[in-house]
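Work through the exercises below with the sequence and the model side by side. Try each task before you read its solution.

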Amino acid sequence: MRKSLVLVAALLAAPAVAKDLPDTAIAFGLWTGGAATDATGAYSHCYASLSYSNGESIWVNVTKDERVELVFVFPTLSLTPGQELDASLMMETGVPSYGKALAIDAKTVSFSLAPLHDAHVMLAQGNWIRLTGVGNDLAYEVRGLGGVLGLVRSCAEKQRG
């Protein structure tokens, strides 16, 4: 678990130095993303994000080690960076996934899912997602999540070669 926490922190750290790789743009409905680099310029992950008018956003990342990271930005939260929270992630159908959410910073929480195929099956089950146990218990419309996750997975496979 600690390895994935460090990886998530690295993925989200220093956004000013991380850049998208050329010709990797992803667009699917309201989702946008691409392949991202780390601070050294090396490929780190592929992602897509969806932003809401209230300042909240959801990111879906596929990492080099084939994990799905769902990252939620909640402007009203006040968490301690590095804090682990017992959480559950659920769609409107199917069963919830239980685990630990990691506070990346005071407003950002990440929830990791693996294996990749199982995560994709779960996330493609509906149009609403809900992460509980992090101090923000709301459901979010994520129409197209299954489709965009397919594009993010494809992006990650191309980058891995």
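The exercises start with the whole chain and then turn to single elements and residues.

The model is predicted, and local features need pLDDT of at least 70, side-chain atom pairs count only at pLDDT 80 or more, while totals for chains, interfaces and linings use all residues. Residues are numbered from 1 along each chain as its sequence is written, and side-chain values use heavy atoms, with hydrogens and water left out.

**Exercise 1. The overall layout**

Find how many helices and strands the protein has, and in which order the elements run.

Solution. Begin with the elements, where helices (H or I, at least four residues) and strands (E, at least two) are DSSP runs numbered from the N terminus. There are three helices and ten strands, and from the N terminus on they run α-β-β-β-β-β-β-β-β-α-β-β-α. Next take burial, for which buried means under 20% relative accessible area, exposed over 50% and partly exposed in between, with a 1.4 Å probe and protein chains only. Of the 161 residues, 46% count as buried. Finally consider contacts, that is, heavy atoms within 4.5 Å: among those with a separation of 6 or more, 51% are between residues 24 or more positions apart.

**Exercise 2. Strand 8 and its partners**

Determine which strands pair with strand 8, and whether its residues are buried or exposed.

Solution. Two strands pair if DSSP finds at least two bridges between them. Strand 5 (68-73) runs antiparallel to strand 8 (108-113), and six bridges join strand 5 to strand 8; in this pairing Val-68 has Leu-113 as its bridge partner. On strand 7 (residues 97-105), four bridges lead to strand 8, again in the antiparallel sense, and Ala-101 stands opposite Phe-111. Strand 7 and strand 8 form a hairpin, with two residues between them.

Now look at the side chains, recalling that in a regular strand they alternate between the two faces of the sheet. Thr-108, Ser-110 and Ser-112 point one way from strand 8, whereas Val-109, Phe-111 and Leu-113 point the other way, and all are buried. Six of the six residues of strand 8 are therefore buried, so the strand is largely enclosed by the rest of the structure.

**Exercise 3. The face of helix 2**

List the buried residues of helix 2, and work out where they lie around its axis.

Solution. In helix 2 (residues 116-123), the buried residues are Leu-116, Ala-119, His-120, Met-122 and Leu-123. Seen down the axis of helix 2, these buried residues fall within an arc of 165 degrees, so they line one face of the helix; the arc is that of the directions from the helix axis to the C-beta atoms. The general background is that an α-helix has 3.6 residues a turn, so residues three or four places apart point the same way.

**Exercise 4. An aromatic pair**

Describe how the rings of Tyr-47 and Trp-59 are placed, and where the two residues lie in the chain.

Solution. Rings of Phe, Tyr and Trp (its six-membered ring) pair if their centres lie within 6.5 Å, and planes under 30 degrees apart count as stacked, over 60 as edge-to-face and the rest as tilted. The structure holds four aromatic pairs. The rings of Tyr-47 and Trp-59 have centres 5.2 Å apart and planes at 40 degrees, so this pair is tilted. The pair links distant parts of the chain, with Tyr-47 in strand 3 (residues 43-51) and Trp-59 in strand 4 (residues 57-63), twelve residues apart. Tyr-47 is buried at 11% relative accessible area, whereas Trp-59 is partly exposed at 29%. Elsewhere, ring pairs link Tyr-52, Phe-72, Phe-74 and Tyr-140 into a cluster.

**Exercise 5. Unusual backbone geometry**

Locate a cis peptide bond, and then state where Asp-23 and Glu-66 lie and what phi they take.

Solution. As a reference, most residues other than glycine have a negative phi, and most peptide bonds are trans. A cis peptide bond, with omega about 0 degrees, joins Ala-114 and Pro-115, and Pro-115 is in the loop between strand 8 and helix 2. Asp-23 has a positive phi near 60 degrees; this residue is in the loop between helix 1 (2-12) and strand 1 (26-28), and it is exposed at 84% relative accessibility. Glu-66 also has a positive phi, of about 60 degrees, in the loop between strand 4 and strand 5, but Glu-66 is partly exposed, with a relative accessible area of 39%.
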